[in-house]
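Q: Could you take me through the salt bridges in this structure, step by step? I am new to this, so please explain the terms as you go.

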Amino acid sequence: METMTSHVDTCFDCAKACEECATACIEAGDTDSKGHDMTACIMLCRDCADLCTLCGRLTARGSQFMKSFMKVCAEACEACAAECEKHADHFAHCKACAEACRKCAEECRQMAA
């Protein structure tokens with residue numbers, strides 16, 4: 001049961017990091033300091049946040065569908081982390097998001113196995 005609770009927390013922590021990253025990117029005007037378009041980062045963060053929230057909720061209630069969603073969540077987290085890592089050197093929110101996504105992806109894969 002402790003593993004399930006920990007995974008729920010990881011999912012929600014990742015969703016929070018993704019929401020914060022997307023918001024910060026929007027507030028920055030959709031471009032980074034080097035003029036890179038942040039649209040992909042914003043979109044992936046929003047998708048990842050939604051999937052992490054759903055995965056956390058399904059896990060919390062022991063849904064029969066949670067393992068299927070963990071696989072999708074891991075894919076979304078990996079994609080989001082890869083995009084955020086492109087901007088992690090000059091945006092702390094992208095670095096934090098990438099780290100949270102990598103952790104969540106790893107746990108989702110382990111839990112789905």
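A: Here is a walk through the salt bridges, starting with the chain that holds them.

This is a predicted model, in which local features need pLDDT of at least 70 and side-chain atom pairs count only at pLDDT 80 or more, while totals for chains, interfaces and linings use all residues. Residues are numbered from 1 along each chain as its sequence is written, and side-chain values use heavy atoms, with hydrogens and water left out.

Let's begin with the setting. The chain has four helices and zero strands, in the order α-α-α-α. Helices here are DSSP runs (H or I, at least four residues), as are strands (E, at least two), and they are numbered from the N terminus.

Now to the charges. The chain carries 12 positive and 19 negative side chains, and the centres of the two sets lie 5 Å apart. Lys and Arg count as positive and Asp and Glu as negative, without His and the chain ends; each charge is placed at NZ of Lys, CZ of Arg, CG of Asp or CD of Glu. Side chains of opposite charge can pair when their charged atoms come close. The structure holds five salt bridges, each being a side-chain nitrogen of Lys or Arg within 4 Å of a carboxyl oxygen of Asp or Glu.

One of them joins lysine 16 and glutamate 20, with the closest N and O atoms 2.7 Å apart. Both residues belong to helix α1 (residues 2-27) and sit four residues apart, about one turn of the helix. Lysine 16 is partly exposed because its relative accessibility is 49%; buried would mean under 20% relative accessible area and exposed over 50%, with partly exposed in between (1.4 Å probe, protein chains only). Glutamate 20, at 42%, is also partly exposed.

Next, look at arginine 102. In its salt bridge with glutamate 78, the closest N and O atoms are 2.1 Å apart. Glutamate 78 is in helix α3 (residues 66-85) and arginine 102 in helix α4 (residues 92-112), so this pair ties together parts that are 24 residues apart in sequence. Arginine 102 also forms a salt bridge with glutamate 85, where the closest N and O atoms are 2.8 Å apart. Because glutamate 85 lies in helix α3 and arginine 102 in helix α4, this pair ties together parts 17 residues apart in sequence.

How do these pieces fit together? Glu78, Glu85, Arg102 and Arg109 are linked in a network of salt bridges. Within that network, glutamate 78 is partly exposed at 25% relative accessibility, arginine 102 is partly exposed at 30%, and glutamate 85 is partly exposed at 39%.
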